[in-house]
Structures are given as structure tokens and as C-alpha cells.
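Biologist: Thanks for sitting down with me. Could you take me through this structure and tell me how each label is earned?

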Amino acid sequence: MVDVVDNDLMTGPTGEAEHDITGDEPGTRLRAALRRVVRAYERHPNFYRLVTVLDVRTDPAVGEVYARFASRFGDALRDALEDTAADDAEAIALMTSALLG
């Protein structure tokens, strides 16, 4: 599951891995990251369903895998907001994750 973050969620329009989301403004970088998330979920709709199911499971092993995924996803969002105050970037990443499910 964590591999999907590396292989799909942070993939550019050509399918090449782009770990750096570039742009002049944090909002531009965040929009680019979110567009990649949406494209990844469009390519793999069952992955989105899996994430929503795993989010509510109480099994510790499942929780560990989900926590790694959520951490990597949050890191990617915060990376897009590198010029933003740490507290603000954390709040934006949290809200974005909540809105996506």
C-alpha cells in the first residue's frame, strides 16, 4: 500500500516519478499534488476504497500499515508547502487528508 504513494500519488502527467512538486507558490504546488492524488485515485479506484476501509479498522497490523501510508501522504503534502509555516502546513495537510477521506 505504501508503494502506491511512491509509484502513483507522486507521479507526474507523463507517468514519470516526480518527487519534487515545483512551482513558485505553495498553493500552486499543493494544487499540483492534489491533482496527482485525484489522477491516482482515478487510475486505481479500488485503492481509494481500500484506504477508506483501512482507516476505520482496529487491527494493530492494519493500523501500522495505514499509519505508514498516512504519514507518507502527509509528508508529500507538507513538502508541497515547504515555504509555509510548519503549523500552517500541518493544518493544511490534516484538512486535505480529511477532505479526501
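Modeller: Gladly. Rings of Phe, Tyr and Trp count as a pair if their centres lie within 6.5 Å. Please keep in mind that this is a predicted model. By that rule there are five aromatic pairs.

Biologist: What makes the pair Tyr41 and Tyr48 edge-to-face?

Modeller: Their ring centres are 4.9 Å apart and the planes meet at 65 degrees. Edge-to-face requires an angle over 60 degrees, so the pair Tyr41 and Tyr48 earns that name.

Biologist: Why do you give both a distance and an angle?

Modeller: Because a pair of aromatic rings is described by the distance of the centres and the angle of the planes.

Biologist: Which residues form the aromatic cluster?

Modeller: Tyr41, Phe47, Tyr48, Tyr66, Phe69 and Phe73 make up one cluster.

Biologist: Why is Tyr41 called buried?

Modeller: Its relative accessibility is 14%. Buried means under 20%, so Tyr41 counts as buried.

Biologist: And how do you know that Tyr48 is partly exposed?

Modeller: Tyr48 has 30% relative accessibility. Partly exposed lies between the 20% and 50% cut-offs, so Tyr48 belongs there.

Biologist: How many of the residues are buried in the whole protein?

Modeller: Of its 101 residues, 30% count as buried. The protein exposes about 6,300 Å², with 53% of that supplied by carbon and sulfur atoms.

Biologist: Lastly, what is the secondary structure of the protein?

Modeller: Five helices and zero strands, running α-α-α-α-α from the N terminus. Among contacts between residues at least 6 apart in sequence, 64% join residues at least 24 apart.

How values were computed
Residues are numbered from 1 along each chain as its sequence is written. This is a predicted model: local features need pLDDT of at least 70, side-chain atom pairs count only at pLDDT 80 or more; totals for chains, interfaces and linings use all residues. Side-chain values use heavy atoms; hydrogens and water are left out. Helices (H or I, at least four residues) and strands (E, at least two) are DSSP runs, numbered from the N terminus. Buried means under 20% relative accessible area, exposed over 50%, partly exposed in between (1.4 Å probe, protein chains only). Contact means heavy atoms within 4.5 Å. Accessible areas come from the Shrake-Rupley method with a 1.4 Å probe; for residues, only the protein chains shown count as cover. Rings of Phe, Tyr and Trp (its six-membered ring) pair if their centres lie within 6.5 Å; planes under 30 degrees apart count as stacked, over 60 as edge-to-face and the rest as tilted.
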